[in-house]
Amino acid sequence: MPVIYSAILAAGVMFGIYIAKSNGIVATEKSGDNSLFINEVFSLIDEEYVDTVNMKDLQMRAINNVLESMDPHSEYIKPEILNEVNENLQGSFHGIGVSFRIEKDTITILNTIKGGPSEKVGLMAGDRIIYVVDSLVAGNKVTNKTAMSLLKGERGTKINVKIKRRGIDELLGFTITRDVIPTHSVDVAYMIDDEIGFIKMTKFSATTHKEFVKALKELRSEGMTKLVLDLRGNTGGYLGEAVGIADEMLKDNNLIVYTEGEHRDRSYIFSRHRGLWEDNDVAVLIDEGSASASEIVAGALQDNDRGTIIGRRSFGKGLVQEQFDLSENGAVRLTVARYYTPTGRCIQKPFTGDKAEYLLEEYTRYETGEMFNIDSIHFADSLKYITPGGRTVYGGGGIMPDIYVPLENDSTRYFFNKMANAGVLFQYAFDYADSHRNELLKYGDAATFNKKFVFSDAMFNEMIRRAEDKKIKGTDADKTKARELAEPLFKAYIARDIFGDEAFYMLYEPLDDILQEAISVLRK
């Protein structure tokens with residue numbers, strides 16, 4: 001333990017030196033003394049410790065412990081995963097242009113990106129990749145990580161694959177030239193009715209504002225006069241992209257957010273240009289999975305008395321991180337400031353030092369009843385703020401929506417929920433879509449499929465059989481309720497597999513309590 005504590009202390013100072021180097025800061029006499037002290041401690045460990053020590057591993061573990069002890073969002077990123085982490089926010093990567101899942105130990109293509117490399121050579125949804133180059137990947141305990149590493153590669157490089165296609169006995173060979181593949185942050189954008197448009201955003205990457213503007217223009221050309229912006233489950237991303245989206249919905253010179261840290265002066269960010277959606281109604285959907293940049297958008301609109309925030313209390317991440325590259329090709333993502341909403345709210349939730357407890361705080365909300373009843377939510381008066389329009393809002397742990405929509409706490413749903421959470425509906429829908437793909441495609445579009453497809457008793461009985469195989473059993477009353485709830489969700493899953501993500505949201509819409517509340521508000 002003394003050795004570990006010494007290493008942690010030393011690594012904390014080393015971490016400061018790394019940061020200083022990455023910013024071009026010249027070491028002071030004091031930091032030079034610290035570096036001598038660090039070298040002395042690690043030299044003693046390396047030369048005198050009773051057992052052989054992997055010094056690099058010890059240093060990395062010490063740095064991780066130091067960062068985690070400061071706050072839950074500062075972290076060290078290993079060199080081997082840095083590209084993957086960065087790609088998630090860059091808005092693109094180089095690959096073959098397919099989405100897939102591992103199904104029965106085989107890479108199964110869910111769909112090909114329109115105009116992408118795989119579509120161009122003729123790969124199709126439902127194809128199974130058996131060989132990559134000359135390596136057998138089917139039935140070989142392939143993982144998502146392994147599949148990604150095989151299929152990704154530099155732009156312009158070629159990859160040979162052999163696939164199994166339903167109805168064809170022999171394997172089919174394709175040569176695919178890798179290219180730039182966009183990773184969209186706007187999942188779907190479609191018209192709910194003649195007036196209300198819906199945009200679902202899953203993250204804030206380098207292209208999010210551009211995607212949002214494109215979606216706004218397209219929906220406005222279709223007659224949209226009211227907008228539902230869905231940020232549920234959106235864990236955030238780039239601050240600048242959140243600012244750009246808020247600016248599209250706020251009039252000029254409205255404060256969007258300000259940031260401040262020990263080594264960062266207070267910085268105010270205002271809306272600066274004529275936005276596309278300044279004068280039209282908007283409802284923003286949030287929940288316990290909405291964090292960071294999502295909360296910046298929701299907080300900016302709420303504090304400027306703009307639109308209506310609907311759903312459940314957001315995650316509560318009010319810390320700003322910057323990423324610093326290190327000399328050993330890894331990086332540190334370091335918290336450098338807090339951000340504040342226009343009324344001055346810091347919505348960062350408390351951190352006691354236990355990162356797991358912090359990240360799983362959602363479960364505490366279940367235990368206290370907050371997820372099911374607004375009366376279970378309590379804010380201290382010291383966290384109360386007033387917007388220019390006179391609305392009361394609160395800081396100290398997420399954005400509290402203007403309209404709270406609880407989770408259903410209906411005991412008659414227990415059997416269905418257990419069946420759905422075990423993946424029974426999802427897996428059966430995938431299997432059904434995969435084995436009936438050609439006949440399902442004949443419906444032509446999701447609306448026709450929804451209208452004409454029949455969820456038969458035989459299908460429901462097969463679903464029940466699969467549930468019972470997983471030891472999930474219910475009464476006749478349970479099954480009656482489950483059939484009612486299963487039909488639209490089963491159809492929505494199939495529609496997504498055949499017609500794309502937009503089809504899922506269109507069919508699932510009647511079951512979505514938060515979205516239905518937003519539709520009701522906008523229609524009024």
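The secondary structure of this protein comprises 19 helices and 21 strands. The radius of gyration is 26 Å, close to the 24 Å that the globule rule gives for 524 residues, so the protein is as compact as a globular protein of that length. The model is a predicted one.

Now take its dimensions. Along the principal axes, the C-alpha atoms fill a box of roughly 75 × 65 × 50 Å. Contacts tell how the chain is folded on itself. Among those with a separation of 6 or more, 70% join residues that stand 24 or more positions apart.

Next comes the split between inside and outside. Of the 524 residues, 45% count as buried. The accessible surface comes to about 26400 Å². Carbon and sulfur atoms hold 49% of that surface.

Charge is the next topic. The protein carries 63 positive side chains and 79 negative ones. The centres of these two sets lie 5 Å apart.

One residue deserves a visit: arginine 312. Look for it in the loop between strand 16 (308-311) and strand 17 (319-325). Is arginine 312 buried or exposed? Its relative accessibility is 8%. Buried means under 20%, so arginine 312 counts as buried.

What is arginine 312 in contact with, leaving aside its neighbours within four places in sequence? Earlier in the chain come Ile286, Asp287 and Glu288. Later in the chain, the list includes Met371, Ile399 and Pro401. Tyr404, Val405, Pro406 and Leu407 are in contact with arginine 312 as well. Ile514 completes the list.

Terms used:
Residues are numbered from 1 along each chain as its sequence is written. This is a predicted model: local features need pLDDT of at least 70, side-chain atom pairs count only at pLDDT 80 or more; totals for chains, interfaces and linings use all residues. Side-chain values use heavy atoms; hydrogens and water are left out. Helices (H or I, at least four residues) and strands (E, at least two) are DSSP runs, numbered from the N terminus. The radius of gyration is taken over C-alpha atoms; the globule rule is 2.2 Å times the number of residues to the power 0.38. Buried means under 20% relative accessible area, exposed over 50%, partly exposed in between (1.4 Å probe, protein chains only). Contact means heavy atoms within 4.5 Å. Accessible areas come from the Shrake-Rupley method with a 1.4 Å probe; for residues, only the protein chains shown count as cover. Lys and Arg count as positive and Asp and Glu as negative; His and the chain ends are not counted. The place of a charge is taken as NZ of Lys, CZ of Arg, CG of Asp or CD of Glu.
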